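Visitor: I have a model open and I'd like to learn how to read it piece by piece. Could you walk me through it?

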Amino acid sequence: MRTLDSTTSLRIAVQKSGRLTDKTLNLLEGIGLKFDDYKRSLLVKCLNFDVELLLIRDDDIPEYVQDGVCDLGFVGANVVEEDQMDVEILRGLNYGVCRLSLAVPKDGDIKKPEDFAGKKIATSYPGITKRYFEKKGIDVKVITLSGSVEIAPRLEIADAICDLVSTGNTLKANGLDELINIFDSETQLIKTNKPLSEGKQQLIEKILQRIEGYQKAGKSRYIMMNAPQESVERIKEIIPSLKSPTVMPLADNGMVAIHTVVPLSTFWDVMERLKEAGATGIVMLPIESMIA
Ligand code: ATP
Ligand code: ZN
């Protein structure tokens, strides 16, 4: 049997089962990596690259990457920041977006950072929480809990909590008010600082480039439209295109087809202005990947 250490494949740590799992696997598949059924195994071989995935708890990922057991890892910035491991952060991936916030019982007497002095704060992130208050010179008692932190005030284990928040609904449901956001988080791709073979370095470079293309594509839309020839100049002014649009004559006299890429953030605005400029049959398509 193959042991973990005998492989030369690029080994990537991914959360085994949790909020980041599907999004990370979708990203890896979206950049062209193919895998066998990954739900059943701890170590999953990539079918078309010299890559394997190690599926583990997210809390273990920074340490595995620091120690070189894994070369890369996909993990929340909150975990990377908490653990303070010696790893390189390659890039943020804008999913798993959340914040670590201090929350207090509604109508309680804690309103600002200074009010936490002498109070008990329950959290799964004692490192970040302690560092926040140390920096402010405020003395607090941090109680480490591994889960269900939000019920600690009701159980009178703590006066406040410091927990991950995305919508804030869990806090509300537990009678808590979000008071101070102390850390903004998203998923990060991290890399080991242990020396890597030339082959692995090249593969990492390729993966990074593909991720960049995939992320750019997610933020853009391909649009196609028909327009009268005389509108082309006006339409060109409206489109904040990466490159000049493709303009093709149509069989219909005086009409052209225009194809281009627009940033998703400007899409609706552009769409409305194009209609005003005489464009018809405007079609928008998602883009799978975009290489500069
Ligand atoms: P594991 O079993 O792997 O230890 P977990 O319970 O610690 O799982 P999840 O709840 O799956 O972890 O969260 C994984 C990551 O998702 C968090 O570390 C954080 O980066 C991100 N995340 C995004 N939104 C939230 C949220 N509302 N609550 C908790 N985590 C969130
Ligand atoms: Zn965890």
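Guide: Sure, and keep in mind that this is a predicted model. Let's start with one side chain and its surroundings: leaving out neighbours within four places in sequence, L274 is in contact with I223, M225, I235, I238, I239, A279 and I282.

Visitor: Is L274 buried or exposed, and where does it sit?

Guide: Burial is read from relative accessible area, with under 20% as the cut-off. L274 has 0%, so it counts as buried, and its place is in helix α8, residues 267–276. For a sense of distance, take R221: it is 53 residues from L274 in sequence, and the C-alpha atoms are 15 Å apart.

Visitor: Let's try another helix. Which residues of α4 are buried?

Guide: For any helix, a bit of geometry helps: an α-helix has 3.6 residues a turn, so residues three or four places apart point the same way. Now the case here: α4 spans residues 126–136, and its buried residues are P126, G127, I128, T129, Y132 and F133.

Visitor: And what covers the buried residues of α4?

Guide: The cover includes helix α3 and the strands β6 (98–105), β7 (120–123), β8 (141–144), β9 (160–165) and β10. Just past the end of α4, have a look at G137, which takes a positive phi of about 70 degrees.

Visitor: What about K135, buried or exposed?

Guide: Over 50% is the cut-off on that side. K135, also in α4, counts as exposed because its relative accessibility is 79%. Its C-alpha atom is 60 Å from that of A227, which is 92 residues away along the chain.

Visitor: How is the chain divided into domains?

Guide: Watch for a domain made of two stretches of sequence. Domain 1 takes 10–93 plus 187–217, domain 2 takes 98–185, and domain 3 takes 220–285.

Visitor: How do I read the interface between domain 1 and domain 2?

Guide: Go from the overall layout to the contacts. The C-alpha centres of the two domains are 30 Å apart. Seven residues of domain 1 contact eight of domain 2, and about 690 Å² is buried between them, 51% of it on carbon and sulfur atoms. On the domain 1 side, N78, E81 and E82 supply 73% of the buried area, more than any other three residues.

Visitor: How many salt bridges and polar contacts are there between domain 1 and domain 2?

Guide: The salt bridge count is zero, while six residue pairs are in polar contact. Helix α3, residues 77–83, gives the largest share of the domain 1 side, with five residues. By type, that side has two nonpolar, three polar and two charged residues.

Visitor: How do I read a polar side chain, say T192?

Guide: Ask where it sits, then what its polar atoms face. T192 is in strand β11, residues 187–192, and at 1% relative accessibility it counts as buried. A polar atom of its side chain lies 3.2 Å from the backbone nitrogen of K194. Leaving aside residues up to four places away in sequence, T192 touches V65, Q66, G68, C70 and D71.

Visitor: Then where is N174 found, and is it buried or exposed?

Guide: N174 is in the loop between α5 (169–173) and β10 (176–185). Its relative accessibility is 17%, so it counts as buried. A polar atom of the N174 side chain is 2.8 Å from the backbone oxygen of T170. Beyond four places in sequence, N174 contacts E150, I151 and R154.

Technical notes
Residues numbered from 1 in each chain as written. Chains lettered and ligands numbered in written order. Predicted model: local features only at pLDDT ≥ 70, side-chain atom pairs only at ≥ 80, totals over all residues. Heavy atoms only, no water. Helix = DSSP H or I, 4+ residues; strand = E, 2+ residues; numbered from the N terminus. Buried < 20%, exposed > 50% of the residue type's maximum accessible area, 1.4 Å probe, protein only. Polar contact = N/O pair within 3.5 Å; in protein donor to acceptor, adjacent residues only side chain to side chain. Contact = heavy atoms within 4.5 Å. Domains from an automatic or database assignment. Buried area = accessible area lost by both parts, 1.4 Å probe. Salt bridge = Lys/Arg side-chain N within 4 Å of Asp/Glu carboxyl O. Nonpolar A, V, L, I, M, F, W, Y, C, P; charged D, E, K, R; others polar.
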